[in-house]
Amino acid sequence: MANGNGKTGLLERVRERTSEAVDRLRGSQFVESVLRPGSPFKKGYADSPRNRSYVIMNNVLYHLHPVKVKRHGVKLSYTLCLGGLSFFLFILLTITGIFLMFYYAPTAERAYADIQALSTNVAFGSLVRNMHRWGAHLMVLTVFLHMSRVFYHGAYKPPREFNWVVGVVLLLLTLLLSFTGYLLPWDQLALWAVTVGTNMAGFVPVFGDQVKFALLAGVEVTAGTLLRWYVLHVLFLPFIIVIFMAVHFWRVRKDGGISGPL
Amino acid sequence: MTEIPESLLRRSAEAKAKALGVPVEQVLAEMKGEAPPSTPPAATEPEPATEEPTPSAETAAEGGAPAGGGGSDDIDALLEKAAAVAGMPQALLRRSAEAKAKALGVPLVNVLAEMAGEAPPAAAEVAPETPGEAAPQPAEAPAAVAVEEPSVPAPTGNGGGKVAAVVSPRPTMPPAGVPEGVRTQRLLTVVKAKAIQQVKAEPHDKVNTWPHLMLVEFVALLAMTGLLIVMSVALQAPLLEAANPNLTPNPSKAPWYFLGLQELLSYFDPQIAGVTVPTVVGLIGFMMIPYVDRNPSTKPSDRKLAIMLYTIFLAGSATLTILGVLFRGKGFNFSYPWKDGIFFDDLKDWVSFE
């Protein structure tokens, strides 16, 4: 490229220096200590079967996966990624939810005003709230579609029966998470949707009133209900669902990986 | 017999001696190449079967009788046939054949033909693995010659080059001068029905998770993130007036995923529709599906009833939910969204009929 053009020469030199610096950084003890063997970001990474295995084995996040998967499982048309997308939405909801918690107090006096202020006074507040709400709806949808996909593939059959049971619990927890979040904006929509929903719970035979009382922390939706549902929404239910998800993902591996082929 | 630890060798020799009823010394001597093989040598040898999967060895045994030439078929047909013979996926077989062809410097067609049982085994087949083993055995002298002159086309009556999956000497093409009745093969081992290593796993066609699966997942995550951001920019989440317990909106609707239930409540007794249906059918029933459906097949044609029932459930719940979301107006009475408007606040920003 050295064609005597001074500008190109400078560009070349800058590029050379940059790649030298990057190489030195990647070769440094610190970066070497951060990256486990086989990381594609490591100096001198070569695309070999051994390194492809290391990428999975030596990374805490990718470790959810086995080193090798059945070829048909890679096809998008088999799973449509629905289980993975449900998990991904859960992570997005956790991140956006933590953001929302900074600006929200679960009291009857402040809740509604906080949501209003969030939409107008906070940078990206409206966007993050929208993402949280639509993401929650999408997650209910993806979890349900994931269940349907598993059913149509007969993937609940031995040895995967128990993981199906865990999955139904996860669907229930997803619905509960979404429903407890529904109350938090403390507007008319929230209040009356929850009133209607908990009225249904009041029809439980024998214990109906008790169940309703426990859910509402009273006989109707009040400030106590708001606090209770907030704690359920941001602490208790996420805690429980993470445990069930861990078992769910672990059992996918232990029960022989992805099901099929049909 | 290079590189096998003494203790392992000894144990294998003892086992063999016991099985054959011969003294251990004799077996050992035979293993070291100091005595002619009275009986089959050991099968316990831990064979580093790296690039040569066992099925190809088995097919090589079948295709042992030299048929001369026969490698002109096109690759796909051969691949299909070889896959049928070996009972393994075509993609795996092809990869193995390619590796073998590359290692031996033979055209792919020849290797495939051999795997399909249409041609004699390629000449140099196991040469790299057992270079020293063949030489000292008197019975193998013809085979050693065959290595040096791999193109000798003389047919033989002795047939196949291999017995089962065990490393064997050269394919059997004795030079023309071998007198009638002289053994050109030695029996390496007799593999009993119950092998020492039982292979239980079927050969699966697998690919590396990185990059094949990770790439698909990454694209899916990006697409989902994109969809969510576009939705969130375009559609505002609803926020009505502040909560007021004294002012009941008309109609009052549950979140959309419970609206199917609310719809049921308007037809049936609340004890049935509100509780019995969702808890008994929805939860316990769904959890029990794998224990009720004992049909082991996953083929759709074998599970028509199950698929039909689930599809009815899907269609039913979708119908009820859509009815509840769009077609219920004031007082939860039926209404038409295009005439009376939409009574569902999450959707207000999405659709309008004005």
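**The interface between chain A and chain B**

In this predicted model, strand β1 of chain A, residues 68–70, pairs with β1(B) in the antiparallel sense, and the pairing runs over three bridges. Within this pairing, K68(A) stands opposite N208(B), a residue of β1(B).

The strand pairing belongs to an interface in which 75 residues of chain B are in contact with 73 residues of chain A. About 7200 Å² of area is buried between chain B and chain A, and carbon and sulfur atoms give 70% of that area. On the side of chain B, W210(B), L239(B) and Y257(B) lose the most area to chain A, although together they account for 9% of what that side buries.

Polar and charged interactions also cross the interface. Between chain B and chain A, 35 residue pairs are in polar contact, counting pairs in which both residues have pLDDT 80 or more. The rule finds two salt bridges across the interface of chain B and chain A, and one of them joins the side chains of R71(A) and D205(B), with a distance of 2.9 Å from N to O.

Turning to the elements of chain B, at least two residues of the side that touches chain A come from each of β1 (206–208), α8 (209–234), α9 (256–265), α10 (270–292) and α11 (304–326). Helix α8(B) gives the most to this side, with 18 residues. Sorted by class, the side of chain B that touches chain A comprises 49 nonpolar, 17 polar and nine charged residues.

How values were computed:
Residues numbered from 1 in each chain as written. Chains lettered and ligands numbered in written order. Heavy atoms only, no water. Contact = heavy atoms within 4.5 Å. Buried area = accessible area lost by both parts, 1.4 Å probe. Salt bridge = Lys/Arg side-chain N within 4 Å of Asp/Glu carboxyl O. Polar contact = N/O pair within 3.5 Å; in protein donor to acceptor, adjacent residues only side chain to side chain. Helix = DSSP H or I, 4+ residues; strand = E, 2+ residues; numbered from the N terminus. Nonpolar A, V, L, I, M, F, W, Y, C, P; charged D, E, K, R; others polar. Pairing = 2+ DSSP bridges.
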